[in-house]
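Q: Please take me slowly through one part of this structure, and then set that part within the whole. I am new to the subject, so explain each term when you first use it.

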Amino acid sequence: MNIFLINIGCKVNFADLSHLKSLLIEENYNIIETTQNADVVLINTCAVTNQAAAESLQKIRKIRKLLPSAFIGVMGCYAQLSANEIIEKTGADVVFGTNEKFKIHKLLPEAIKNNTKKVFVSDTFDKDIDASMSADIEARTRGFLKLQDGCSYKCSYCIVPFARGESRSVPFHAIPNKINKLINAGYKEIVISGINLSDYKGENNETFIDLIKMLANTNKYFISNDIRFRISSIEPQVINEEIIKIIAENPTICPHFHIPLQSGCDEILKKMQRRYNTTQFRKIIEIINKYMPFAFIGLDVISGFPTETDDNFIATKDFISSLNISKLHCFTYSAKQGTIAANMTQLPKQIKKARTKELLQLSKHKNTDFVKKNVNNTLLLLPEKYDAINQITSGHTENYLEINVKTDKKLENNFYKVIISSTCHAELV
């Protein structure tokens, strides 16, 4: 049976789908790379914003139109939250919830045999977690390892806890073996990810800082130290000087921080039910700047949160402008039914979009300044793609600069010293 897989959403979703792919292969399903000859299509959906949910619906409808006789299964966050809506609006055959997504390889034969619309969605969530792994590209340079899932925070705008359940983590003792498998498979960079990775808790109450210490101690835990780790999003209230110093002093951990700010206005942060204020956030950024002046710092920001006034938004822009950061990930607020913020006074769509546009412009300036600051720096490139026609190798440095290097042949899967010669370009040392 030929199965085609589609992913919508975050890197954790991507890792989950890759894990399911391995389970399906073990059951002798044939995973194909195009929709042609697909007997089954499995679509992994997202619901973090209304746009993501709409994209999920659109993709399912498109596949149904393209493959009218194929069996369509839907999984992911949107599937957990809106199973009946998916069945009614898209022509999908079956919907799998959060608990069921890693049982699809077992449930699929029954679902296909029944030949009726079916929903496999539980109201409660399993306490266990599958440590999903995935490859970023075929070259096996970068792999993703999910060590945490769900979220126990109650931010007023966020639907994720309803879609993925409470926070749960891979046992601490099991992590080295999972990382060593990726190293054995040839990966040079491993992205450690989770829905709320900073809330990591091991079986003996190990926390996020214990995880960071493990990653820094390559000689003790891993079969090679010729690797680097990149940490996904970290909540600001968890970051402290000790964690920053460990990362700064250990080259196996990339100087790359992805931190959700969400708003630069204390009044809005309180309404969002975030766990910090702008004074605390500024201190974190300043400590990172102190120990790692060339670290990449990306911030998540939500524009147009309910009740956000012009003054609130100006405060956010001014706050971000004053920080030495590298880029913004901008999100236009969208109300999610079931969250506290959905019941607040909503802003007009045009105002929200205009504010997002302003933040994107600010992000562009910040990123330009960051790239310019790195010119003449010597960094380590991990090759990801090779353009044989133009003889260009592209990849990322440890501080997440995406650069191009002129090479007359494809570089091996290894780390190469480069000097940043101009924006987006470098030369091999």
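A: A good place to begin is E189, which counts as buried because its relative accessibility is 0%, where buried means under 20% relative accessible area, exposed over 50% and partly exposed in between, with a 1.4 Å probe and protein chains only. Before going further, note that this is a predicted model, in which local features need pLDDT of at least 70 and side-chain atom pairs count only at pLDDT 80 or more, while totals for chains, interfaces and linings use all residues. Residues are numbered from 1 along each chain as its sequence is written, and side-chain values use heavy atoms, with hydrogens and water left out.

E189 belongs to strand β10; strands (E, at least two residues) and helices (H or I, at least four) are DSSP runs, numbered from the N terminus. If we leave aside neighbours within four places in sequence, E189 is in contact with T141, R142, G143, R228, R230 and L382, contact meaning heavy atoms within 4.5 Å. By comparison, T368 lies 179 residues from E189 along the chain, and the C-alpha atoms of these two residues are separated by 25 Å.

Two of the partners of E189, R228 and L382, turn up again around F415. F415 sits in the loop between β17 (402-406) and β18 (416-422), and it counts as buried because its relative accessibility is 18%. Not counting residues up to four places away in sequence, F415 touches K188, D226, I227, R228, L380, L381 and L382. One of these, L381, is 34 residues from F415 along the chain, yet the C-alpha atoms of the two are separated by 5.5 Å.

If we now follow the chain beyond β10, we come to the loop between β10 (189-194) and α8 (208-216), and this loop holds D199. D199 is also buried, because its relative accessibility is 12%. Outside the four places on either side in sequence, its contacts are S152, Y153, S167 and S169.

The loop ends at helix α8, which is mostly covered, since seven of its nine residues are buried. These buried residues are F208, I209, L211, I212, M214, L215 and A216. An α-helix has 3.6 residues a turn, so residues three or four places apart point the same way. The cover over the buried residues of α8 includes β10, where we started, together with β8 (142-149), α7 (175-184), α9 (218-221), β11 (228-231) and α10 (241-249).

Further along there are two residues whose backbone deserves a look. Q262, in strand β12 (residues 256-262), has a positive phi of about 75° although it is not a glycine, and it counts as buried because its relative accessibility is 9%. Q273 likewise has a positive phi, near 65°, without being a glycine; its place is in the loop between α11 (266-272) and α12 (278-291), and it is partly exposed because its relative accessible area is 35%. As a contrast to the buried residues, D310, in helix α13 (residues 310-321), counts as exposed because its relative accessibility is 54%.

Let us finally step back to the whole. The protein chain has 14 helices and 19 strands, and buried residues make up 54% of its 429 residues. Of the contacts with a separation of 6 or more, 70% are between residues 24 or more positions apart. A compact globule with 429 residues would have a radius of gyration near 22 Å, and the chain has 22 Å, which agrees; this radius is taken over C-alpha atoms, and the globule rule is 2.2 Å times the number of residues to the power 0.38. Along its principal axes, the C-alpha trace spans about 60 × 55 × 50 Å.

The structure holds zero disulfides, a disulfide being a pair of cysteine sulfur atoms within 2.5 Å. C10, for example, has its closest cysteine sulfur in C46, but the distance of 6.2 Å is too far for a bond. C424 is in no disulfide either, as the nearest cysteine sulfur, that of C330, is 19 Å away. Both C10, with a relative accessible area of 37%, and C424, with 40%, are partly exposed.
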